Amino acid sequence: FNRTMPKDLGILSGLIEISVYQNRLQDDLTFISSLTNCTSLQLIEAAHNLFRGSLPDSIANLSTYLNSIDLQNNQIHGSIPSGIGNLLNLTVLVMTTN
């Protein structure tokens with residue numbers, strides 16, 4: 001893949017994992033907002049891309065089953081939204097090299 005993430009990922013309500021590791025995705029992180037309808041989501045792996053911007057506040061509305069987010073080696077900046085504490089099963093958050 002290269003360029004941008006689809007903005008309609010939310011139609012995949014049964015999505016459990018999304019892995020776009022090491023592509024050339026250059027988008028901002030708005031695709032995360034589209035994942036709020038994916039109520040079974042457990043893993044987001046989007047490391048080693050060119051994502052930019054800050055984490056959206058909507059990250060707090062992701063699936064409570066989510067246990068791992070890997071966004072390392074991108075161009076993300078800013079603060080981690082405090083609402084991330086709503087993700088009760090989140091045990092892995094990797095944000096290095098941003």
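The accessible surface of the chain amounts to about 5400 Å², of which 48% belongs to carbon and sulfur atoms, the areas being obtained by the Shrake-Rupley method with a 1.4 Å probe, and with only the protein chains shown counting as cover for residues. The structure is a predicted model, in which local features need a pLDDT of at least 70 and side-chain atom pairs count only at pLDDT 80 or more, whereas totals for chains, interfaces and linings use all residues. Residues are numbered from 1 along each chain as its sequence is written, and side-chain values use heavy atoms, with hydrogens and water left out.

The secondary structure consists of one helix and eight strands, in the order β-β-β-α-β-β-β-β-β from the N terminus on; these elements are DSSP runs numbered from the N terminus, with helices (H or I) of at least four residues and strands (E) of at least two. The radius of gyration of the chain is 12 Å, close to the 13 Å that the globule rule gives for 98 residues, so the chain is as compact as a globular protein of that length; the radius is taken over C-alpha atoms, and the rule is 2.2 Å times the number of residues to the power 0.38. Along its principal axes, the C-alpha trace spans about 25 × 25 × 20 Å. Among contacts (heavy atoms within 4.5 Å) with a separation of 6 or more, 63% are accounted for by residues 24 or more positions apart.

Of the 98 residues, 42% count as buried, that is, under 20% relative accessible area, with exposed meaning over 50% and partly exposed in between (1.4 Å probe, protein chains only). The largest nonpolar core has 25 residues, and those with the most contacts inside it are M5, I18, F31, L35, L41 and L62; such a core is a set of buried Ala, Val, Leu, Ile, Met, Phe, Trp, Tyr and Cys residues joined through side-chain atoms within 4.5 Å. When residues up to four places away in sequence are not counted, F31 touches M5, P6, L9, A46 and F51.

Two further positions were examined for their surroundings. S68, which lies in strand β6, is buried, with a relative accessible area of 12%, and, residues up to four places away in sequence not being counted, S68 touches Q42, L43, I44, L90 and V92. Y65 lies in the loop between β5 (52-53) and β6 (68-70) and, its neighbours within four places in sequence left aside, is in contact with T39, S40, L41, Q42 and N89.
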